Amino acid sequence: VRVMVRDGLFRDGEPPTLLGSRCGACGSVLFPRSETCPYCASSDPEPVDLSRRGSLWAWTAVTAPPPGYKGDVPFGVGIVELPEGVRVITRLTEHDPGTLSEGQPMQLAIVPLHHDGDGNDVVTYAFGPVSP
Amino acid sequence: MTGVAVAGVGMHPFGRFDGVSTTDMGAGAVRAALREAGVERGGFQAAFCGTAYGGVATGHKVLSRLGMTGMPIVDVEAGCASGGAALMLAAGAIRAGQYDTVLVFGTEKMPKGIIRSSFFEPWQEEAGLAATPAFFALRAQRLGRASGVTKDHLARVVVKNRRQGAQNPDAMFQKETTVEEVLASRVVCEPLHLFMLCSPNEGAAAVVLRRADRAAGAVPVTLAAAVLRSHVPGPVLSESTPLSGLADDGVPAPTTLAATAAYEEASLGAPDLDVVECQDTDAARELQSYEELGLVEPGGAAALFDSGATALGGRLPVNPSGGLLSKGEPLGASALGQVVELVRQLRGECGPRQVDGAKTALSHTVGRGANAGVIVLTR
């Protein structure tokens with residue numbers, strides 16, 4: 001069975017969607033979803049679907065498994081800036097930093113992470129270069 | 001309101017010490033600081049202990065060992081700034097007239113390898129989004145773009161600090177290195193190689209604070225400011241390690257908030273500093289600290305480093321102790337380790353790594369929370 005690494009972060013559909021919030025008081029866009037706004041302390045954030053495409057703002061690759069991590073190495077980690085003015089920490093589908101460049105168009109994907117002990121395929125959100 | 005003086009300092013070296021407990025190291029540092037201050041049992045009215053991994057009642061265990069309990073003992077956790085937080089609380093209590101003499105110490109035995117932090121949710125670790133060096137690497141890449149910092153700069157920061165640490169008997173690494181050796185060490189997270197990252201380790205440091213009007217000593221050192229700040233949300237690469245941030249580069253970093261308040265509290269500015277110990281968890285973090293502390297204008301870190309100003313013998317030596325890159329980082333003790341070094345610098349006790357004529361010194365730690373601690377010492 002395919003399961004999400006955590007419920008409420010994204011919709012595992014075709015196409016997939018990152019789930020965020022927009023604060024009704026200050027307009028800030030939040031990820032993950034939150035019922036309170038860290039920017040203005042209001043309780044007005046409303047659920048919104050975030051853009052599937054953005055641009056690459058920073059990137060690297062992790063070469064050794066960090067504590068608690070259950071997937072393969074190396075893997076890419078980066079920051080993608082979405083058009084609504086939010087920068088999101090994300091896995092990248094690309095793990096060779098030399099192939100990526102600043103501002104490169106990126107697109108959301110749902111990627112396999114590992115098989116857990118109960119026979120589930122655990123998946124998470126990631127961004128990868130937009131296919132030409 | 002009374003001033004606060006440093007009456008004594010003590011240290012257990014930073015490194016790896018199998019068979020030596022958190023309590024053993026803390027007791028050693030505390031005993032040394034009390035001896036220097038001429039303070040005996042019953043001579044201090046409160047104790048604050050910085051620790052992140054020490055567990056319940058770490059401070060009590062240290063003072064029980066020494067037979068010095070009965071007063072309030074408070075453990076303080078503020079990530080990499082735990083010692084700075086403890087010092088802030090102690091100084092505030094003295095200024096307010098609550099106590100005359102307060103013991104501040106930090107002691108820590110870090111797990112080996114990449115620091116595992118209970119800060120992150122399990123899913124974040126599972127998904128690979130809790131890798132501390134990856135956040136350091138992303139910051140390093142952004143700094144590279146904003147300030148012209150190259151991989152060669154990062155290697156040379158390591159060479160500088162290890163050269164200075166080679167003169168420090170309390171450091172974990174007392175051996176110089178070369179740019180070639182740094183760049184030959186394995187890539188942990190591009191652009192950071194293994195030698196560009198500090199080692200989590202073990203150690204302890206202690207400081208005795210006293211009302212300035214009760215202090216004695218040949219070269220009195222004054223605690224001119226002890227400030228702790230947390231983050232303001234916005235920067236995605238803040239030490240608060242959020243999962244998202246705003247596309248807005250104008251939000252001040254916690255280090256800048258703490259430094260600004262500390263300069264005001266001490267009635268001086270960055271140009272008045274003679275020596276700095278700053279957070280160099282990785283080589284890029286030292287350069288970023290130059291800008292966030294106001295040692296140079298934003299974008300100027302690489303140029304300041306290239307000028308030689310921040311090396312021993314320069315205008316403003318940074319990390320004469322060798323920094324965390326040489327000493328390693330025992331979280332609860334690292335800030336107080338900086339303070340011990342700076343007090344000794346101000347007293348002129350540092351031998352081959354002495355900053356000549358140093359009168360004004362700044363200590364800086366920043367990390368998880370976010371917590372940023374800035375301490376100013378003068379003589």
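This note walks through the contact between chain A and chain B, then some salt bridges and strands.

1. **Before you start.** This is a predicted model, in which local features need pLDDT of at least 70 and side-chain atom pairs count only at pLDDT 80 or more, while totals for chains, interfaces and linings use all residues. Residues are numbered from 1 along each chain as its sequence is written, chains are lettered from A and ligands numbered from 1 in the order in which they are written, and side-chain values use heavy atoms, with hydrogens and water left out.

2. **The interface as a whole.** A good place to begin is where the chains meet: 34 residues of chain B are in contact with 42 residues of chain A (contact means heavy atoms within 4.5 Å). The area buried between the two is about 3,200 Å², and carbon and sulfur atoms give 62% of it. Buried area here is the accessible area, taken with a 1.4 Å probe, that two parts lose on being put together, summed over both. On the chain B side, B:Trp123, B:Glu126 and B:Leu243 lose the most area to chain A, together 19% of what that side buries.

3. **Polar links across it.** The rule finds 15 residue pairs in polar contact across the interface of chain B and chain A, both residues being at pLDDT 80 or more. A polar contact is a pair of N or O atoms within 3.5 Å; within protein, one must be able to donate a hydrogen and the other to accept it, and residues adjacent in sequence count only if both atoms are side-chain atoms.

4. **What chain B brings.** Helix H4 (122-126), helix H5 (132-147), strand S5 (187-189) and strand S9 (244-246) of chain B each supply at least two residues of the side that touches chain A. Helices (H or I, at least four residues) and strands (E, at least two) are DSSP runs, numbered from the N terminus. H5(B) gives the largest share of that side, 7 residues. By type, the side of chain B that touches chain A has 19 nonpolar, 5 polar and 10 charged residues. In this sorting, Ala, Val, Leu, Ile, Met, Phe, Trp, Tyr, Cys and Pro count as nonpolar, Asp, Glu, Lys and Arg as charged, and the others, Gly among them, as polar.

5. **A closer look at H5(B).** B:Gln141 is found in helix H5 of chain B. B:Gln141 counts as buried because its relative accessibility is 15%; the classes are buried under 20% relative accessible area, exposed over 50%, and partly exposed in between (1.4 Å probe, protein chains only). Leaving aside neighbours within four places in sequence, B:Gln141 is in contact with A:Ala58 and A:Trp59.

6. **Salt bridges between the chains.** The rule finds 4 salt bridges across the interface of chain B and chain A, and a search of the whole structure finds 24 over all chains. A salt bridge is a side-chain nitrogen of Lys or Arg within 4 Å of a carboxyl oxygen of Asp or Glu. A:Glu102 is worth finding on screen: its side chain meets that of B:Arg145 in a salt bridge (3.2 Å, N to O), and the side chains of B:Arg142 and A:Glu102 also meet in one (3.2 Å, N to O). B:Arg142 lies in helix H5 of chain B and A:Glu102 in the loop between S8 and strand S9 (105-115) of chain A, so this pair joins two chains. With a relative accessible area of 42%, A:Glu102 is partly exposed.

7. **Strands that meet across the interface.** Strand S8 (residues 86-92) of chain A and S9(B) pair in the antiparallel sense over 3 bridges; two strands pair if DSSP finds at least two bridges between them. Here A:Arg87 stands opposite B:Gly245 in S9(B).

8. **Inside chain B.** S7(B) is largely enclosed by the rest of the structure, because 10 of its 10 residues are buried. Strand S1 (residues 4-15) of chain B pairs with S7(B) in the antiparallel sense over 9 bridges, and B:Gly10 has B:Ala206 as its bridge partner in S7(B). S4(B) and S7(B) also run antiparallel, joined by 9 bridges, with B:Ala204 in S7(B) as the bridge partner of B:Thr107.

9. **A salt bridge between strands.** B:Lys109 forms a salt bridge with B:Glu202, the closest N and O atoms being 2.8 Å apart. The pair links distant parts of the chain, 93 residues apart: B:Lys109 is in strand S4 (residues 101-109) of chain B and B:Glu202 in strand S7 (residues 202-211) of chain B. B:Lys109 is partly exposed at 26% relative accessible area, whereas B:Glu202 counts as buried at 3%.
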